[in-house]
Amino acid sequence: MSNVKEGDWVLLYYNERKNYVVRVEKGKTFHSTHGSIDLSSLIGVPYGSYVETNIGEKLLVTKTSFMERLEGLQRTTQVIYPKDLGYILLASGVGPGSVVVEAGTGTGFLTATLAWYVRPSGRVYTYEIRKDFYQQALKNFELLGVLPYITAKNRDIRDGIEEEDVDAVLLDLPSPWEIIHEAYAKLTHGGSLTVFVPTLTQVEKTLRSLRSSDFKLIEVSESIQRKYQVTPGELRPLTLGVMHTGYIIRARKP
Ligand SMILES: C[S@@+](CC[C@H](N)C(=O)[O-])C[C@H]1O[C@@H](n2cnc3c(N)ncnc32)[C@H](O)[C@@H]1O
């Protein structure tokens with residue numbers, strides 16, 4: 001049996017539809033429609049037990065996955081969703097020890113996920129043009145415990161990629177076609193390029209740039225995920241859901 005420690009991310013479960021991801025910090029209070037809890041009071045509580053809010057509602061304390069911890073972050077930008085993160089991770093070939101370059105950092109969902117998987121010996125170099133986004137992303141990385149595996153730069157990636165022999169370049173910014181040739185130059189042979197864009201206009205422009213380069217194994221895809229309601233006897237897709245996130249373009253430097 002393990003107990004909650006300061007700095008842990010915990011999931012406070014009310015029912016299948018209402019649950020909350022919080023980081024346990026002294027001096028902070030969790031507020032919800034089910035009442036509030038002084039987060040320091042969670043320290044030492046065994047996982048799997050119930051705690052009571054100030055209005056007597058019971059919440060089950062359980063551990064979180066990395067995906068759930070991402071949900072607890074403060075968002076500054078549109079983010080890459082887990083359904084896309086999973087495919088991007090496998091398709092890019094990123095794993096323990098990889099050297100990765102990524103832009104723009106944004107909220108840091110992709111950066112943090114990459115960092116989680118390049119541990120313990122790899123590194124993610126991430127570029128963000130906006131200082132306010134860069135600063136909030138640093139806080140997010142610290143909260144998730146992935147900061148030791150990330151070099152974050154408040155820099156325009158169009159000014160050049162500073163790293164050499166990179167295993168993977170990942171781009172989630174408005175005009176990725178401007179960076180294709182630079183990415184090719186800085187990738188190692190066998191390295192991968194992954195681009196995430198929300199519109200087909202951006203896909204076309206990126207493909208045009210890819211075709212003017214020596215990248216091979218070019219693929220465009222879209223990942224579609226449909227969530228279901230799990231009410232017994234009423235199993236069916238949820239009425240509302242995320243209809244579109246973006247297109248994933250991948251290519252390899254041979
Ligand atoms: C959609 S957000 C990225 C979201 C991020 N992938 C995530 O999962 O949280 C795009 C980001 O790219 C940044 N950006 C745009 N152009 C850039 C450039 N030339 N160099 C670096 N960052 C750039 C924007 O400021 C914005 O924060």
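How many bridges join strand E3 to strand E4? In this predicted model, strand E3 (residues 29–32) and strand E4 (residues 35–38) are joined by 4 bridges and run antiparallel. Thr29 of the pair has Asp38 in E4 as its bridge partner. The connection from E3 to E4 is a hairpin through 2 residues.

We can turn next to the sheets. One of them is an open sheet of 4 strands, arranged in the order E2-E1-E6-E5 with antiparallel pairing. Its edges are formed by strand E2 (19–23) and strand E5 (50–52), each of which pairs on one side only. On average, neighbouring strands of this sheet are turned by 35° against each other, direction ignored. At the E5 edge, the pairing with strand E6 (residues 58–63) is antiparallel and extends over 3 bridges. Within this pairing, Tyr50 has Leu60 in E6 as its bridge partner.

A further open sheet is built from 7 strands, and here the pairing is mixed. Reading across, the order is E9-E8-E7-E10-E11-E15-E12. Strand E9 (150–153) and strand E12 (216–221) are the edge strands, each pairing on one side only. From one strand to the next, the twist averages 15°. Strand E11 (residues 187–197) and strand E15 (residues 247–252) run antiparallel and are joined by 6 bridges. Val197 is found opposite Tyr247 of E15.

Two helices lie across strands of this 7-stranded sheet, and each is worth a closer look. Helix H6 (residues 200–211) lies across E11, E12 and E15, and its direction makes an angle of about 10° with E15. Helix H3, for its part, lies across strand E7 (99–103), strand E8 (123–127), E9 and strand E10 (166–171), running at about 165° to E8.

How much of H3 is buried? Of the 10 residues of this helix (residues 109–118), 8 are buried, so H3 is largely enclosed by the rest of the structure. The buried set begins with Phe109, Leu110, Thr111, Ala112 and Thr113, and continues with Leu114, Ala115 and Val118.

Leu110 of this helix also takes part in the surroundings of the ligand: one of its backbone N or O atoms lies 3.2 Å from a ligand oxygen atom. Thr107 contributes as well, with a polar backbone atom 3.3 Å from an oxygen atom of the ligand. A nitrogen atom of the ligand, in turn, has a backbone N or O atom of Ile129 at 3.2 Å. Taken on its own, the ligand has 600 Å² of accessible area, and the protein covers 89% of this. There are 22 residues around the ligand, of which Gly108, Glu128, Asp156, Ile157 and Asp172 come nearest.

A last stop is Ser223, which sits in the loop between E12 and strand E13 (228–229). Is this loop residue buried or exposed? Ser223 counts as buried because its relative accessibility is 17%, and the cut-off for buried is under 20%. Apart from neighbours within four places in sequence, the residues in contact with Ser223 are Lys83, Asp84, Tyr87 and Ile248. Of these contacts, Ile248 falls within strand E15 (residues 247–252), the strand along which H6 runs at about 10°.

Technical notes: Residues are numbered from 1 along each chain as its sequence is written. This is a predicted model: local features need pLDDT of at least 70, side-chain atom pairs count only at pLDDT 80 or more; totals for chains, interfaces and linings use all residues. Side-chain values use heavy atoms; hydrogens and water are left out. Buried means under 20% relative accessible area, exposed over 50%, partly exposed in between (1.4 Å probe, protein chains only). Two strands pair if DSSP finds at least two bridges between them. Axes are lines fitted to C-alpha atoms, for helices over the stretch in contact, and angles run from 0 to 180 degrees between N-to-C directions. A residue is near a molecule or strand if one of its heavy atoms lies within 4 Å of it. A polar contact is a pair of N or O atoms within 3.5 Å; within protein, one must be able to donate a hydrogen and the other to accept it, and residues adjacent in sequence count only if both atoms are side-chain atoms. Accessible areas come from the Shrake-Rupley method with a 1.4 Å probe; for residues, only the protein chains shown count as cover. Contact means heavy atoms within 4.5 Å.
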